[in-house]
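Biologist: Please take a close look at the strand pairing in one part of this model, and then carry on from there to the aromatic side chains and the packing of helices.

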Amino acid sequence: MEAKLTNDSAEQKETMMNKILGTVSGSFAPILGVLAGSALITALLSLLKTLGWINPESGTYMILAAAGHAIFYFFPVFLGITMANKLGASGYVGGAIGAALLEPHITDLVAKGAQDVSFLGIPVILANYSSTVFPILIAVSIYALLDKLLKKVIYKDLQMFINPMISLIIIVPLTILVFGPFGTYVGEALSIVVQFLSSKSGLLTGAIIGAAWSFLTIVGLHWAVIPIALANLAATGMDPIIPMAAAAPFAQIGLGLGVFFKTKDKNLRTLAGSGLLPSAFAGTTEIITYGILVPYKRTMLYVAIAGAIGGAIIGSLGVAGTGFALPSFLSIPVFTPMGLFLLGTLTSLFIAMILTIVFGYESKNNAVAKNTVKDFVIGNVKRETISSPLSGEIVSLSTIADPLFSTETVGKGIAIVPTKGEVVSPVDGVVTTIFPTQHAIGVTSAAGAEILIYIGLNTVHLKGEFFHSLVKQWDYVKKGDLLIQFDIEKIKDAGYDVKTPVVITNTNQYEEVVLVKDGEVHAKDDELLKLVV
């Protein structure tokens, strides 16, 4: 009995952590693009100023600087909107809570260093909340709980204006009195811890972050680190975390280059090449991560070694970021000193590339199996129609909380809300990927389509529980063969969304991926996607 209680407690803690990380990632994902774009504007201005091509006192500079800085200054507003939406509350109220922290009356009091401010006789600790993260995360989390309560007790026809009024009256004062100072202190404390570790051994700290970052990204734990980096920038204007973490994406660029030069597989070279551009110039490495790093597990060691060495160099030399940016060649001016940042990241890139070229990217057994698939998939991809692998309701990929699927980074396709816990093969083909946790499977069709079926969101954290695979990697399968069984209700009870993306991961080889069915779909019987070449 005691063991059962212990296991239940551990499962509950794990589920809660998954929910927290899912909320944080879902809140940051919609604004990552504008964060990265704004950071690139700041980087460009920094470069132009260094070269003497723009006067920092000119109107041109100030207007462009406003374009680059706005998202960061008003970050509580944007994060308030996205987090409230993620939690099922009103994004407008969430944004208003963030805006209240930056309202001119409050910012004037902070600027003047006012000491005798109180609310209903309670002393107020004033702080500058521009660019902060933790205060609004806490405030909107509490607001979402309050909003659920109000929806239960307030008459429906009055909720449109009564709920926002009560929420703002309660949450804004609480934020300024409690959540804001607490969140600020938490951010500062985490910043101090990172800076302390860096000061004691920047080399060790950089090695750990550089080695681990790619794997934190794969499981979504990097979302817990990004707010700390933003808190560092808000508190001191400098952040050591992202520069050390930058060694990892540059190592993945090196991996992509190594595979591009090493492989004789035309499709794999195309995949590597298509992943290099967004990785090098936008800092988005998902194509390399999920197209090469995950399938070819030997490369994980290369990326870890290269990331550790590059991160150690960057950490030991005290490189810092002056703004938030997804690490890429275009964002180099955001990091200082630029030369030392380049030394660390390029070292990481070249080590990963050389290791891949010298030692290869797949084991002997894996290579034999891949050759079997090449014999099976004759010639280039062909036009074909993919049947539905599940029974359920079709929904758009844009409804998926994971940005890798919602932005079609992994590939084009659709998602299905399953009504039956069975995945069948949508084609005649070969099982080319089966995740150890059995929550996802990849099938390559006889005509060359690479199909990924990913059951649920963040279900990797279930570690295989509630999933049962009936096939192994490199098994030949026929259309309609049962591949995986899963328990829909138990997955839901564990707190996971069961929406299942079905995507074509080699989308770039097709002119179009067309949905041929709407609404309800049945496995085996209904066609789902038409692939046009």
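Modeller: Two strands are taken to pair if DSSP finds at least two bridges between them, and the model in which I apply this is a predicted one. By that criterion strand β6, residues 392–395, pairs with strand β7, residues 412–418, through four bridges, and the two strands run antiparallel. Within this pairing, Gly 392 has Pro 418 of β7 as its bridge partner. Strand β6 also pairs with β17, residues 520–521, where two bridges are found and the sense is again antiparallel; here Glu 393 is the residue whose bridge partner in β17 is Glu 520.

Turning to the aromatic side chains, a search of the whole structure returns eight aromatic pairs. One of them joins Tyr 73 and Phe 74, whose ring centres are 4.8 Å apart and whose planes meet at 80°, so the pair is classed as edge-to-face. Tyr 73 has a relative accessibility of 36% and therefore counts as partly exposed, and Phe 74, with a relative accessible area of 37%, is likewise partly exposed. Phe 435 and Tyr 454 make another edge-to-face pair, with 6.2 Å from centre to centre and 85° between the planes. This pair links distant parts of the chain, since Phe 435 sits in the loop between β9 (429–434) and β10 (440–445) while Tyr 454 belongs to strand β11 (residues 450–454), 19 residues apart. Buried means under 20% relative accessible area, so Phe 435 at 18% is buried, and Tyr 454 at 14% is buried as well.

Elsewhere, Phe 250, Phe 329, Phe 335 and Phe 341 come together as one aromatic cluster, and a ring can also be met by a charge, as where Arg 269 lies over the face of Phe 260 at 5.9 Å from the ring centre.

Tyr 73 leads on to the helices, because that residue is part of the contact described next. Helix α3 (residues 59–73) packs against helix α4 (residues 75–86) at an angle of about 55°, with the axes 5 Å apart, and the two are therefore oblique to each other. On the side of α3 the contact is made by Ile 71, Phe 72 and Tyr 73, and on the side of α4 by Phe 75, Pro 76 and Phe 78.

Terms used. Residues are numbered from 1 along each chain as its sequence is written. This is a predicted model: local features need pLDDT of at least 70, side-chain atom pairs count only at pLDDT 80 or more; totals for chains, interfaces and linings use all residues. Side-chain values use heavy atoms; hydrogens and water are left out. Rings of Phe, Tyr and Trp (its six-membered ring) pair if their centres lie within 6.5 Å; planes under 30 degrees apart count as stacked, over 60 as edge-to-face and the rest as tilted. Buried means under 20% relative accessible area, exposed over 50%, partly exposed in between (1.4 Å probe, protein chains only). A charge sits over a ring if NZ of Lys or CZ of Arg is within 6 Å of the ring centre and within 35 degrees of the ring normal. Axes are lines fitted to C-alpha atoms, for helices over the stretch in contact, and angles run from 0 to 180 degrees between N-to-C directions. Angles under 35 degrees count as roughly parallel, over 145 as roughly antiparallel, 65 to 115 as roughly perpendicular and the rest as oblique. Contact means heavy atoms within 4.5 Å.
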